[in-house]
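Here's a walk through one protein model, written with the bench in mind. Have the sequence and the 3D view open as you read.

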Amino acid sequence: MRVTGINADRRWSESMPAAYEQYLVPVVFRPFAEDLTARAAALRPRRILELAAGTGVLTADLLAAAPSAEVTATDLNEAMVAFGSTRAPGAVWRQADAQQLPFPDGGFDLVVCQFGVMFFPDRIEAFTEIHRVLAPGGRFLFNTWGPLGTHAFEVALQAGLERAFPVDPPRFFQTVPHGYANPAVVAADLAAAGFAVEDEQELTLQGRAASTADLATGYLTGTPVRAAVEERGDGPAVRATVIEEMTARLGPGPVTAPITAYVFRAAARTQDAPAQRQS
């Protein structure tokens, strides 16, 4: 899976983490981080590994909810690691690729990942690595977005992008964040990597934004769609069009809208090694 139309080296560069943290984390990510934290704390973990930690919204909550646990937070992008380490300094922060984790076998009893698995190019390979670094019986707890149509903010955003770019609009949100929205496929990938799904839930929470303009700013400057817009030209005009379309659909703000995700808890099987991939 490749993020087409986006310069990979610039996905999370420059000021993107700050914009992501300011405009999107409180609205889109914090509600689900609070849910995932409660689920993690109930497992009473001692050694937690977080993948795709981003700017550290879940990391900070984990540190507060499980103060006796050792938390290691990782992200593929160094800009996110640098930003997150200032936001949640109580964790050990490392740059890491989920498909090649720099940790020994069985080093953690819980691996958590908030809205990151969709970005793994080879999910079974990443899940197999997660299985490897978990102690026998350890848990893998994560969430993934539902279909694009269940995320009202991003439906409005995509409509704005399609209005701004009638030909070849950026489709990042459809193909990547919302591109792993079939729970049966997720469960099959987990099984192939040696996991048994213990729990899978559909969860709808409310996102609350101060203004539609703030939301548009966050998405256009704090996500990989920024590079796709820049490559197509005239950023200010695009921003104005996207804000106009989002406002027509959502109102100027404050705005509240439902957002749906799937939450999985899987256990590392102890009776056999991870299943072999079929070629």
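What follows goes through the charged pairs, the aromatic rings, the nonpolar core and one helix.

Keep in mind that this is a predicted model.

**Charged pairs**

Let's start with charge. Side chains of opposite charge can pair when their charged atoms come close. Here, the structure holds 13 salt bridges. Three of them are listed below.

| Salt bridge | Closest N to O distance |
|---|---|
| Asp199 and Arg39 | 3.9 Å |
| Arg46 and Asp109 | 3.7 Å |
| Glu244 and Arg163 | 2.2 Å |

Where do the partners Asp199 and Arg39 sit? Asp199 belongs to strand β6 (residues 195–209) and Arg39 to helix α1 (residues 16–42), so this salt bridge ties together parts 160 residues apart in sequence. As for solvent, Asp199 is partly exposed, at a relative accessible area of 23%.

Next up is the salt bridge of Arg46 with Asp109, at 3.7 Å between the closest N and O atoms. Arg46 is in the loop between α1 and β1 (47–51), while Asp109 is in strand β4 (residues 108–114), so the two tie together parts that are 63 residues apart in sequence. Is Asp109 buried or partly exposed? Its relative accessibility is 18%, and under 20% counts as buried, so Asp109 counts as buried.

Then there's the pair of Glu244 and Arg163, whose closest N and O atoms are 2.2 Å apart. This one also links distant parts of the chain: Glu244 is in helix α10 (residues 235–250) and Arg163 in helix α5 (residues 152–164), 81 residues apart. Both ends are partly exposed, Glu244 with a relative accessible area of 45% and Arg163 at 39%. The pair isn't on its own, either: a network of salt bridges links Arg163, Glu244, Glu245 and Arg249.

**Aromatic rings**

Now for the rings. A search of the whole structure turns up 15 aromatic pairs. In one of them, Tyr20 and Phe29 have ring centres 5.1 Å apart and planes at 35°, so the pair is tilted. Both residues count as buried, Tyr20 at 13% relative accessibility and Phe29 at 12%.

Another tilted pair is Phe127 with Phe142, at 6.0 Å centre to centre and 35° between the planes. Phe127 lies in helix α4 (residues 123–133) and Phe142 in strand β5 (residues 134–145), so this pair ties together parts 15 residues apart in sequence. What is the relative accessible area of Phe127? It is 0%, and Phe127 is buried; Phe142 is buried as well, with a relative accessible area of 0%.

There's also one aromatic cluster formed by Tyr20, Phe29, Phe32, Phe115 and Trp145. And for a mix of charge and ring, look at Arg123: its charged end sits over the ring of Tyr180, 3.9 Å from the ring centre.

**The nonpolar core**

In soluble globular proteins, nonpolar side chains tend to be buried together. Which residues touch the most other members of the largest nonpolar core? That core has 81 residues, and the answer is Phe127, Phe140 and Phe195. Helix α1 gives the most to this core, with 10 residues.

Phe127 is worth a second look. Leaving out residues up to four places away in sequence, its contacts include Val117, Phe120, Phe140, Tyr180 and Phe195. Asp189, Leu190 and Ala193 are also among the residues Phe127 touches.

For another buried spot, try Thr74 in strand β2 (residues 70–75). Thr74 counts as buried at 1% relative accessibility. Among the residues Thr74 touches, not counting those up to four places away in sequence, are Leu49, Leu51, Arg94, Ala96 and Phe103.

**Helix α10**

Finally, back to the helix that carries Glu244. At 1.5 Å a residue, the 16 residues of α10 should span 22 Å, and its end C-alpha atoms are 22 Å apart, which agrees.

An α-helix has 3.6 residues a turn, so residues three or four places apart point the same way. In α10, the buried residues are Val238, Val242, Ile243, Glu245 and Met246. What do they pack against? Their partners are α5, α8 (212–221) and α9 (225–232). Just after α10, Gly251 takes a positive phi of about 95°.

How values were computed:
Residues are numbered from 1 along each chain as its sequence is written. This is a predicted model: local features need pLDDT of at least 70, side-chain atom pairs count only at pLDDT 80 or more; totals for chains, interfaces and linings use all residues. Side-chain values use heavy atoms; hydrogens and water are left out. A salt bridge is a side-chain nitrogen of Lys or Arg within 4 Å of a carboxyl oxygen of Asp or Glu. Helices (H or I, at least four residues) and strands (E, at least two) are DSSP runs, numbered from the N terminus. Buried means under 20% relative accessible area, exposed over 50%, partly exposed in between (1.4 Å probe, protein chains only). Rings of Phe, Tyr and Trp (its six-membered ring) pair if their centres lie within 6.5 Å; planes under 30 degrees apart count as stacked, over 60 as edge-to-face and the rest as tilted. A charge sits over a ring if NZ of Lys or CZ of Arg is within 6 Å of the ring centre and within 35 degrees of the ring normal. Contact means heavy atoms within 4.5 Å. A nonpolar core is a set of buried Ala, Val, Leu, Ile, Met, Phe, Trp, Tyr and Cys residues joined through side-chain atoms within 4.5 Å. The expected span of a helix is 1.5 Å times one less than its number of residues.
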